[in-house]
Amino acid sequence: MKTLQINASQGAYNVYIGPDLRFELSKYLPKSYDKILIITDSQVEQLGYLKDAEEALQMETDQLYSYTIAAGEKSKQLNVFEQLQTYAIQNGLDRHSLIVALGGGVVGDLAGFTAATFMRGIDYIQVPTTILAHDSSVGGKTGINHPLGKNLIGSFHAPKAVVYDLSTIRTLSAVERRSGFAEVVKHGLIADKRMLNQLMDEVQALENIHPIVLEEALYNGIKIKAHIVEEDEQEKGVRSYLNFGHTLGHAIEAESGYGAITHGEAVAIGMLFALRVSQSYLSLSFSYQNFKTWLEQLQYPLDICKDLQISPLLDRMKLDKKNQKGQIRMVLLKEVGKPLICTIDEHRLFTELTSFMNEVME
Ligand SMILES: NC(=O)c1ccc[n+]([C@@H]2O[C@H](COP(=O)([O-])OP(=O)(O)OC[C@H]3O[C@@H](n4cnc5c(N)ncnc54)[C@H](O)[C@@H]3O)[C@@H](O)[C@H]2O)c1
Ligand SMILES: O=C(O)C(=O)C[C@@H](O)[C@H](O)[C@H](O)COP(=O)(O)O
Ligand SMILES: [Zn+2]
């Protein structure tokens, strides 16, 4: 097992990474709790991970509760958030209770936001079960979607621990492996050229990616994220680099209807677009074409672009949280590993997006 410590303003917490950690969850709690609420989703429950977590936590408390939301992005919304608050109130959770977020990024963001707001904030731990959640479980961004835009309601609330059981990712579907892998690639693009090159050389199909290559990439990705969020917890500066590919990615997710395309797949398209804009704004020399060919080989659904209109996408991009004074700001790359945040003129963005969409559909 590997352990990383992350310094956050609400206190340092550990990220534990290794096989079968869900069976010994109680070992990783920072202290004891009278009441524990596990929040998970229907798919994770069906796979037996909820039962495993319950068995592991039973010795901690005789007041162990669980709540299962419907699997998928659509659950990351206000009325499910309200149901969770109601369940917590009805079962007498208090400021000394713990919430356990058992699942992918949807459960992590929603359960984290429930913990952040219940009685103005209680403890929670992240128990990620997807590749994507190597990203979402770290750094304390919690929240839910609004019909008008992704994650527009939320808060920063650091977990008390992250317990990443790598054995759980073996049951992920191909589409979810692809989604999560996009955030791994993002970490390489923004911070580690060697990691990116290694992934582009060694990963030709996501079904048979070598477990050692994947686990090393997940560990590196978490280290990159940890380093950035320690420096800038509340996204006043460098944390926005973690948003590479998300300006268009989030617009695609909202515009196509939450859940129609996975977060990571939308981010992959967003990263491709950001690379293209980086070429024209910052003369990035990294090959857009090689990256596009690689994404196609890994079966990222670039063709979803044919169902989307430019103007509504641009309107969504205008609601991005990175924007300032009504101007769209995107994370671009000067080189691989050298991101910057740039204000992009709206008319030029329209032109770039139009030619990108046309070219991607060819
Ligand atoms: N807070 C952050 O910093 C941050 C970072 C990145 C992404 N996110 C958010 O994370 C969400 C995406 O996360 P996600 O991709 O994990 O989605 P998800 O939580 O919806 O999980 C994807 C699917 O995989 C299933 N699943 C979970 N674990 C499984 C397992 N071990 N085996 C088989 N199936 C499993 C789930 O039931 C779901 O159907 C988005 O809402 C995104 O905005 C947040
Ligand atoms: O942790 C961050 O900061 C990120 O930007 C990581 C992203 O991968 C993640 O999707 C995050 O939820 C996006 O945040 P948002 O503030 O753009 O909603
Ligand atoms: Zn993301």
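# Exercises on a two-domain predicted model

In this predicted model, β5, helix α4 (residues 105–117) and β6 form a β-α-β unit that is right-handed. The exercises start from that unit and move outward.

## Exercise 1. Strand β5 and its partners

Find which strands pair with β5 and in what sense, and explain why β5 counts as largely enclosed.

Solution.

Step 1. Take strand β3 (residues 35–41). It pairs with β5 in the parallel sense, over four bridges. Within this pairing, Leu37 stands opposite Ile99 of β5.

Step 2. Take strand β6 (residues 123–128). Six bridges join it to β5, and the two strands run parallel. Here Ala101 has Gln126 in β6 as its bridge partner.

Step 3. Check burial, for which 20 or more other C-beta atoms within 10 Å are required. Six of the six residues of β5 (residues 98–103) are buried, so the strand is largely enclosed by the rest of the structure.

## Exercise 2. The largest nonpolar core

Identify the residues that touch the most other members of the largest nonpolar core, and say where this core lies relative to domain 1 and domain 2.

Solution.

Step 1. The largest nonpolar core has 104 residues, and those touching the most other members are Ile39, Ala53, Ile99, Val100 and Leu102.

Step 2. Ask which helix gives the most to this core. Helix α10 (residues 263–282) does, with ten residues.

Step 3. Domain 1 (2–171) and domain 2 (174–361) both contribute residues to this core, so the core lies between them.

Step 4. Look at the surroundings of Ala53. Neighbours within four places in sequence aside, Ala53 is in contact with Arg22, Leu25, Ile38, Val100, Leu102 and Val127.

## Exercise 3. The two domains

Describe how domain 1 and domain 2 meet.

Solution.

Step 1. The division of the chain gives domain 1 as 2–171 and domain 2 as 174–361. Their centres, taken over C-alpha atoms, are separated by 26 Å.

Step 2. Count the contacting residues: 26 in domain 1 meet 28 in domain 2.

Step 3. On the side of domain 1 that touches domain 2, the elements giving two or more residues are β1 (2–6), β2 (13–18), α5 (133–136) and β8 (149–156).

Step 4. Compare with the record. An unreviewed UniProt entry places "domain: 3-dehydroquinate synthase C-terminal" at residues 180–323. That span is 64% helix and 0% strand, and its end C-alpha atoms lie 26 Å apart.

## Exercise 4. The annotated binding site

Locate the residues that UniProt lists for "binding site", and decide whether Glu183 and His263 are buried or exposed.

Solution.

Step 1. The unreviewed UniProt entry lists Glu183, His246 and His263. They are spread over 81 residues of sequence but cluster in space, with a largest C-alpha distance of 10.3 Å.

Step 2. Glu183 lies in helix α6 (residues 174–191). It counts as buried, because it has 28 C-beta neighbours inside 10 Å. Sequence neighbours within four places aside, Glu183 is in contact with Leu132, Asp135, Gly264 and Val267.

Step 3. His263 lies in helix α10. It also counts as buried, with 27 C-beta neighbours inside 10 Å. Not counting residues up to four places away in sequence, His263 touches Gly105, Leu132, Ser179 and Glu253.

Step 4. Compare the two contact lists: Leu132 appears for Glu183 and again for His263.

## Exercise 5. Positive phi in loops

Place Asp20 and Arg120, and state what is notable about the phi of Asp20 and of Arg120.

Solution.

Step 1. Recall the background: most residues other than glycine have a negative phi.

Step 2. Asp20 is in the loop between β2 and β3. Its phi is positive, near 60 degrees, and it is not a glycine. With 12 other C-beta atoms within 10 Å, Asp20 is exposed, the cut-off being 12 or fewer.

Step 3. Arg120 is in the loop between α4 and β6. It is not a glycine either, and its phi is positive at about 65 degrees. Arg120 counts as exposed, because it has 7 C-beta neighbours inside 10 Å.

## Exercise 6. Ile341

Determine where Ile341 sits and what it touches.

Solution.

Step 1. Ile341 belongs to strand β11 (residues 338–344).

Step 2. With 16 other C-beta atoms within 10 Å, Ile341 is partly exposed.

Step 3. Residues up to four places away in sequence are not counted; Ile341 then touches Ser240, Lys322, Arg329 and Val331.

Step 4. Ile341 and Lys322 are 19 residues apart in sequence, and 9.0 Å separates them C-alpha to C-alpha.

Key. Residues numbered from 1 in each chain as written. Chains lettered and ligands numbered in written order. Predicted model: local features only at pLDDT ≥ 70, side-chain atom pairs only at ≥ 80, totals over all residues. UniProt positions renumbered as here; feature names shortened; annotations may be inferred. Pairing = 2+ DSSP bridges. Right-handed = clockwise from strand over helix to strand, strands pointing away. Core = buried A, V, L, I, M, F, W, Y, C linked by C-beta atoms within 7 Å. Domains from an automatic or database assignment. Contact = placed C-beta atoms within 7 Å.
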